[in-house]
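Me: I would like to learn how to read a structural model feature by feature, beginning with the overall fold and ending with single residues. Could you give me the general idea each time, and then the case at hand?

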Amino acid sequence: GTTLDVRLANGADLDEVNRLTFNHPGITAVPKTQDSGGQQVPVDNTFVVTISPDVPPGLYEARAAGYYALPNPPTFVVGRQTEVQEAEANNTPEQATPIELDTVVNAAAGGGTDVDYYKFTATTGQRLIITCRAARIDSRMNATIELFDSSGRRLAHSRNDVRQDPLVDFTPEADGEYIVRVFDFTYGGGADYFYRLSVGSKPHIDYIMPPAAPAGSTQTFT
């Protein structure tokens with residue numbers, strides 16, 4: 001249900017890209033333009049993407065077309081939660097970026113030693129799921145997350161728990177502020193080391209049986 005600017009930040013063979021398409025008809029894109037001497041000229045590798053309200057949340061393919069035809073498609077995520085962008089500098093606990101629960105932070109490990117900190121407030125007994133999508137959305141990042149309380153005591157650590165991405169199932173024992181540390185396990189970094197961090201009370205499915213069913217069928221799942 002939103003419209004946003006999408007920039008092709010990195011990749012090979014992106015010369016003269018003039019079209020961006022998705023594998024769902026409800027996601028459309030047009031080249032972004034800007035005024036230059038009274039004329040509208042394209043902004044390099046940038047598109048205005050509109051997501052129809054009836055597009056289901058999930059992972060979609062995006063394909064850019066240009067001089068070298070269609071490169072491999074990266075993953076484009078459609079969700080229901082509030083989306084925000086990482087704000088540097090957040091490289092120490094003292095610089096931790098405040099985030100609201102049930103919000104997704106779009107970020108990246110910008111350099112070989114880049115470590116990102118975020119903080120949130122939680123209450124006693126409030127069960128929270130902390131996830132970081134990286135491998136599942138075609139990132140090169142081997143994402144690792146650590147959770148600390150306000151005194152700096154490490155409460156949890158996760159890596160490669162869900163399809164090579166981390167997940168922490170956390171229930172606070174006390175009201176207060178908590179800090180999440182996000183980094184690449186081998187301290188890699190760059191434009192290809194992007195991730196999506198989410199802290200919130202949304203449900204998470206660990207396993208479902210049966211794992212598949214014919215389209216249009218009705219049956220019971222566990």
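Reply: Let us begin with contacts, where a contact means heavy atoms within 4.5 Å. In this model, which is predicted, residues 24 or more positions apart account for 64% of the contacts in the protein chain with a separation of 6 or more.

Me: How many helices and strands does the protein chain have, and what does its C-alpha trace span along the principal axes?

Reply: The protein chain has 16 strands and zero helices, and its C-alpha trace spans about 60 × 50 × 30 Å along the principal axes.

Me: How should I read burial and surface for the chain as a whole, and what share of the 222 residues counts as buried?

Reply: Buried means under 20% relative accessible area, and exposed means over 50%, with partly exposed in between. Of the 222 residues of the protein chain, 36% count as buried, while the chain exposes about 13,000 Å², of which carbon and sulfur atoms supply 48%.

Me: What about charge: how many positive and negative charges are there, and how far apart are their mean positions?

Reply: The protein chain carries 17 positive and 28 negative charges, and the mean positions of these two sets are 5 Å apart.

Me: Let us turn to a single charged residue, D116. Which side chain of opposite charge is nearest to D116, and how far away is it?

Reply: A salt bridge needs a side-chain nitrogen of Lys or Arg within 4 Å of a carboxyl oxygen of Asp or Glu. D116, which lies in strand β10 (residues 116–122), is buried yet has no salt bridge, and the nearest side chain of opposite charge, that of R181, is 9.5 Å away. The side chain of D116 does, however, make a polar contact of 2.6 Å with the side chain of Y195. Leaving aside neighbours within four places in sequence, the residues in contact with D116 include E86, E88, A108, R181 and Y195.

Me: Is N106 buried or exposed, and which side chain makes a polar contact with the side chain of N106?

Reply: N106 counts as buried because its relative accessible area is 18%, and the cut-off for buried is under 20%. The residue is found in strand β9 (residues 103–108), and its side chain is joined to that of E83 by a polar contact of 2.8 Å. Beyond four places in sequence, N106 is in contact with E83, V84, Q85, E86, Y195 and R196. For a distance of another kind, the C-alpha atoms of N106 and T186, which are 80 residues apart along the chain, are separated by 20 Å.

Me: Where is D149 found, and why does it count as buried or exposed?

Reply: D149 is found in strand β12 (residues 143–149), and it counts as buried because its relative accessible area is 12%. Its side chain makes a polar contact of 2.7 Å with the side chain of S151. Not counting residues up to four places away in sequence, D149 touches L155, E177 and Y178.

Me: How would R19 be read in the same manner, and what is its relative accessible area?

Reply: R19 is partly exposed because its relative accessible area is 45%, a value to be read against the range between 20% and 50%. R19 lies in strand β2 (residues 19–22), and, leaving aside neighbours within four places in sequence, it is in contact with F47, R63, A64 and A65. The C-alpha atoms of R19 and T46 are separated by 9.7 Å, although these residues are 27 positions apart along the chain.

Me: Finally, I would like to look at the backbone. Which residue has a positive phi of about 55°, and which has one of about 50°?

Reply: Most residues other than glycine have a negative phi, and most peptide bonds are trans. N45 has a positive phi of about 55° although it is not a glycine; N45 is found in strand β4 (residues 39–51) and counts as partly exposed, at 22% relative accessibility. R163, likewise not a glycine, has a positive phi of about 50°; R163 is placed in the loop between β13 (154–159) and β14 (167–170), and counts as exposed, at 70% relative accessibility.

Me: Where is the cis peptide bond with omega near 5°, and where is the one with omega of about -5°?

Reply: The peptide bond from E88 to A89 is cis, with omega near 5°, and A89 has its place in the loop between β7 (82–85) and β8 (97–98). A cis peptide bond also joins M209 and P210, where omega is about -5°, and P210 lies in the segment after β16 (194–200).

Methods: Residues numbered from 1 in each chain as written. Heavy atoms only, no water. Helix = DSSP H or I, 4+ residues; strand = E, 2+ residues; numbered from the N terminus. Buried < 20%, exposed > 50% of the residue type's maximum accessible area, 1.4 Å probe, protein only. Areas by Shrake-Rupley, 256 points an atom, 1.4 Å probe, with all protein chains shown as cover. Lys, Arg positive; Asp, Glu negative; His and termini not counted. Charge placed at Lys NZ, Arg CZ, Asp CG, Glu CD. Polar contact = N/O pair within 3.5 Å; in protein donor to acceptor, adjacent residues only side chain to side chain.
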